Amino acid sequence: GLALRSGDSGRGGGPGSVSLQTEEAIKLALGERYNTAANALDLSDFYNDDVLRQNGERVILGRANYMETVLRIIRDNCSQLQGLKLSSNRLMTLDGLKNLETVVPNLQFLDISDNQIRSEAELDKLKGLSQLKSIVLKGNPFATQYKTPGSYVSSIQSRLGVTELDGQPVPARIGFDLPAPSSLPPSKDGYCGDDRVRAVVHKFLETYYACYDVPRGRERLLEAYTEDALFSLSVCSGTSAGKQRGPPLGDYVRQSRNLMRVRDSVKRSELLKRGRLRIASHLNELPRTTHVPSTFKIDVSLSTPTCVVFSVGGAFQEASGSNSRTALRLFTRFFVCIRSGAGGDSLLIVNDQLQIRNASLQQVKALEEGAPSAVASGL
């Protein structure tokens, strides 16, 4: 048993406080239920405790005043407790245990089974128990709401980090023994592989946009595509900085093959441009542009002796109507190309996907202030 201190309990004696007679009876019951060898206290079905009944008392641990009294006695007499059973006490919440770590900071085992706890979220009130290794939860309504035993175990372990649940060992969580980086690695402007691939891609883009951005130059892009090439255009109406809106994208929206918006299979097929003649004709119908190479970000995802797959993203200015005002747009373009020419240093486009959206107000301002890198950082 446990030798409990008697005398002044430090109670305020206000409304809802436990009488001195009841408190002394609780101390006697705790002394009988304490297991010295295991350093554990069994308060299961405390309402029907024999010692309490012999003293004419009924203690309901679901009531705050009784739980506070019990925990205060434990704190004053056996704060190094390692095991605590509170099963079968009709507990509906764990409000009374939300500061349990201040009472028994070394608690390793807790049994709150066969109560009436309906929400797993109540377990968050036990997160301060840093030494807790084992918990028993079976018999509570929330413990039967999981689709599989595995999801039950996983959910409880992720919330409390215990190694034993309902008397069964919990599989260790899979993790990687790697040091956590103190900060994210610096952002890179792009990836092109080796210098030869970089040179091929840069030369291709320089030639392509030199044609694309000059009057009647897009007619010459006929030679940039294979006979059976494919081209598609899609528009994103939002911006990278939230819900800001720029100049209308109507010239592009009419040809947009955004699969989230175009549901009709016939329409989808019509918007997919097939063959280099149709592609060149379609490109020639799009608004006049001036691309800003200093904003370009290039990523090569595949390079073999026969093909190169890469993306390029950046900004371009577009004339807006007859008043010669310009609109700043952002684009991302995905190219699938086959190598041609001597040494495979030339590229022919097999597949071309163009995505267009408006720039944010911050990106427009950055370009006006001569800071193209700030534009590119938002791509």
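Select α3 (64-77) first; this helix gives the most to the lining of the largest pocket, with six residues. Helices here are DSSP runs of H or I with at least four residues, strands are runs of E with at least two, and both are numbered from the N terminus. The model is a predicted one, in which local features need pLDDT of at least 70 and side-chain atom pairs count only at pLDDT 80 or more, while totals for chains, interfaces and linings use all residues. Residues are numbered from 1 along each chain as its sequence is written, and side-chain values use heavy atoms, with hydrogens and water left out.

Next, add α4 (100-103), the other element that gives two or more residues to this lining. The pocket has a volume of about 340 Å³ and 18 lining residues, with Met67, Glu68, Asp95, Gly96 and Leu97 nearest its centre. A pocket is an open set of points on a 1 Å grid over the protein atoms alone, where a 1.4 Å probe fits and protein lies on both sides within 12 Å along at least five of seven lines; lining residues have an atom within 4 Å of a point. Volume is the space filled by probe spheres set on the points, which are joined across faces, edges and corners.

Now go to helix α6 (residues 195-212) and select Tyr208 and Tyr212, four residues apart, about one turn of the helix. Both are buried (under 20% relative accessible area; exposed is over 50%, partly exposed in between, with a 1.4 Å probe and protein chains only). Aromatic pairs are rings of Phe, Tyr and Trp (its six-membered ring) with centres within 6.5 Å; planes under 30 degrees apart are stacked, over 60 edge-to-face, the rest tilted. The count by this rule is 14. Tyr208 and Tyr212 are stacked, at 6.0 Å centre to centre and 20 degrees between the planes.

Tyr209 and Phe296 come next: their ring centres are 5.6 Å apart and their planes at 65 degrees, so this pair is edge-to-face. Tyr209 lies in α6 and Phe296 in strand β10 (residues 289-303), so the pair ties together parts 87 residues apart in sequence. The relative accessible area is 6% for Tyr209 and 18% for Phe296.

Stay on Tyr212 and add Arg218, whose charged end sits over the Tyr212 ring, 3.9 Å from its centre (the rule asks for NZ of Lys or CZ of Arg within 6 Å of the ring centre and within 35 degrees of the ring normal).
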